[in-house]
Amino acid sequence: MQMTLATYNIHGCIGADGRFKPDRIINVLQEMNADVVALQEVEHRQIEGYDLLDYFAAKTGLTAIAGPTLVRRTHHYGNALLTRLPVVAVNRIDLTLPGREPRGALDVTLAWNERQVHVVATHLGLRPWERRQQVRHLLKLFEIRLTETYVLMGDLNEWFLWGRPLRWLHAHFKRPPHCATFPARKPFMALDRLWVHPRRRLKSLEAHTSGLARIASDHLPLKAIIEI
């Protein structure tokens, strides 16, 4: 049994040409054909009478779970999850620290062939001290047991390869491959990350590098296949 996962910072659907084109993001999602996708920087604006996230869901046939971190009068902004798996439970985690941009995580339990998959999708802060505190909080969400599958994925904004957040996460989950996803046209930084426990279930992990993905956002998507 295989499942395809992806995490994608869509940059508010603003591409390399500076244009707002949500259909490019939809086409990239369709290229990947993932069962579960974590999205970051989702602008909740109206498209053809739909909220943007609902528009994604309608076009892809996936179930949408919103995780806004910034609630505005006109539209919201933040994280989201798209999935074709049955949703068992949803918990929205506040990772905001004083004086910093609001941050959060979606903590979602999904049903998969009579098993459960625990997925946490997030977008961490820009300051090192901020990320350290947020990672400590996230690690408390995972009570590792032998019979479950756990996934942590998202834009970690962590560019210090030997920084404490990555070291803590690698120690907790075991180290996955290092895949550059930013900037999309010529990526050299692995800002987007995905961990799986047990580690042996991660069969592949790579950036999705199609021509469209290189212009649809400032990040490339990160795509994984896990197997039981």
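This briefing walks through a few local features of the structure above. The model is predicted, so please read every value here as computed from it. The topics are a charged surface patch, the cysteines, the first helix, two cis peptide bonds and some residues with positive phi.

**Surface charge**
- Arg-136, Lys-140, Arg-164 and Arg-167 together make up a positive patch on the surface.
- One member of that patch, Arg-136, sits in helix α3, which covers residues 128-139.
- Arg-136 has a relative accessibility of 42%, and because the partly exposed class lies between 20% and 50%, Arg-136 is partly exposed.

**Cysteines**
- If you are wondering about disulfides, the count is 0, with a pair of cysteine sulfur atoms needing to be within 2.5 Å to qualify.
- Cys-13 is buried, because its relative accessibility is 0% and the buried class is anything under 20%.
- Cys-179 is also buried, at 11% relative accessibility.
- Cys-13 is found in the loop that links β1 (2-9) to α1.
- The backbone at Cys-13 has a positive phi, near 65°, in a residue other than glycine.

**Helix α1 and what follows**
- Helix α1 runs over residues 22-32.
- Its buried residues are Pro-22, Arg-24, Ile-25, Ile-26, Val-28, Leu-29 and Met-32.
- Arg-24 is worth a look on your screen, as a charged residue that appears in this buried set.
- After α1 comes Asn-33, which has a positive phi near 50°.

**Cis peptide bonds**
- Phe-182 and Pro-183 are joined by a cis peptide bond, with omega near -10°.
- Pro-183 belongs to the loop between α4 (164-173) and β11 (192-197).
- His-197 and Pro-198 are likewise joined by a cis peptide bond, here with omega near 0°.
- Pro-198 is placed in the loop between β11 and β12 (202-207).

**Lys-174**
- Lys-174 lies in the loop between α4 and β11, the loop that also holds Pro-183.
- Phi of Lys-174 is positive, near 80°, again in a residue other than glycine.
- Lys-174 counts as exposed because its relative accessibility is 57%, and the exposed class is over 50%.
- Two loop residues with positive phi therefore fall into opposite classes: Cys-13 is buried, whereas Lys-174 is exposed.

Conventions. Residues are numbered from 1 along each chain as its sequence is written. This is a predicted model: local features need pLDDT of at least 70, side-chain atom pairs count only at pLDDT 80 or more; totals for chains, interfaces and linings use all residues. Side-chain values use heavy atoms; hydrogens and water are left out. Patches are made of residues with over 30% relative accessible area and no salt bridge: like charges are joined within 9 Å, nonpolar side chains (Val, Leu, Ile, Met, Phe, Trp, Tyr) within 5 Å. Accessible areas come from the Shrake-Rupley method with a 1.4 Å probe; for residues, only the protein chains shown count as cover. A salt bridge is a side-chain nitrogen of Lys or Arg within 4 Å of a carboxyl oxygen of Asp or Glu. The place of a charge is taken as NZ of Lys, CZ of Arg, CG of Asp or CD of Glu. Helices (H or I, at least four residues) and strands (E, at least two) are DSSP runs, numbered from the N terminus. Buried means under 20% relative accessible area, exposed over 50%, partly exposed in between (1.4 Å probe, protein chains only).
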